[in-house]
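Please open the model in a viewer and keep the sequence panel visible. The selections below are arranged as a short tour.

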Amino acid sequence: MSDLHEMAEAFHQARTAPDVTDRATGLEEADRIGGVALVQARLQGQGAEECEECGIEIPRARREAAPWAVCCVECQSLREGRRHG
Ligand SMILES: [Zn+2]
């Protein structure tokens, strides 16, 4: 599951929560999850054409799907694995 998907889920829960406290919690959760991806997108702008981990050219399809990406799918999954592990 991607960060952006989790963020969208959290925002959805925040918008649809019946209780104000739940809504606030949902927004905090969305902010926590989405913060990293949004900050990356802002800081890194267009991302990179070559993977900053292994140096291969990042496929155009990936750059279009994730304009902020600075590494290839494999290295990204390794990074996420480290982050969650
Ligand atoms: Zn790579």
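The tour passes from the whole chain to the metal site and then to one loop residue.

**Preliminaries.** This is a predicted model, in which local features need pLDDT of at least 70 and side-chain atom pairs count only at pLDDT 80 or more, while totals for chains, interfaces and linings use all residues. Residues are numbered from 1 along each chain as its sequence is written, and side-chain values use heavy atoms, with hydrogens and water left out.

**Select the whole chain and colour by confidence.** The mean pLDDT (the predictor's confidence in each residue, from 0 to 100) is 76, and 62% of the residues reach 70 or more. Confidence is lowest in H2, at a mean of 65, and highest in H3, at 86.

**Switch to a cartoon view.** The chain shows four helices and zero strands, in the order α-α-α-α from the N terminus. Helices (H or I, at least four residues) and strands (E, at least two) are DSSP runs, numbered from the N terminus.

**Add the surface.** The accessible surface comes to about 6,200 Å², of which 53% belongs to carbon and sulfur atoms; such areas come from the Shrake-Rupley method with a 1.4 Å probe, and for residues only the protein chains shown count as cover. Of the 85 residues, 22% count as buried, where buried means under 20% relative accessible area, exposed over 50%, and partly exposed in between (1.4 Å probe, protein chains only).

**Select the zinc ion.** Which atoms coordinate the zinc ion? They are the SG atoms of Cys51, Cys54, Cys72 and Cys75, at 2.3 to 2.4 Å. Donors are N, O and S atoms within 2.8 Å of the metal (3.2 Å for Na, K and Ca); water is not among the atoms, so sites may look incomplete. The angles among the four donor atoms are 102 to 120°, and the site is tetrahedral, a label given to four donors if all angles lie between 85 and 135 degrees. Along the chain the donors follow the spacing C-x2-C-x17-C-x2-C. Cys51 lies in the loop between helix H2 (20-44) and helix H3 (60-65), and Cys72, 21 residues apart from Cys51, in the loop between H3 and helix H4 (73-84).

**Inspect the donors by accessibility.** Cys51 is buried at 4% relative accessible area, Cys72 at 5% and Cys75 at 11%.

**Finish at Glu52.** Glu52 sits in the loop between H2 and H3. Its C-alpha atom is separated by 5.4 Å from that of Cys71, 19 residues apart along the chain. Beyond its neighbours within four places in sequence, Glu52 is in contact (heavy atoms within 4.5 Å) with Val70, Cys71 and Arg79.

Conventions: Tetrahedral: all angles 85-135°; square planar, octahedral: opposite > 155°, others 65-115°.
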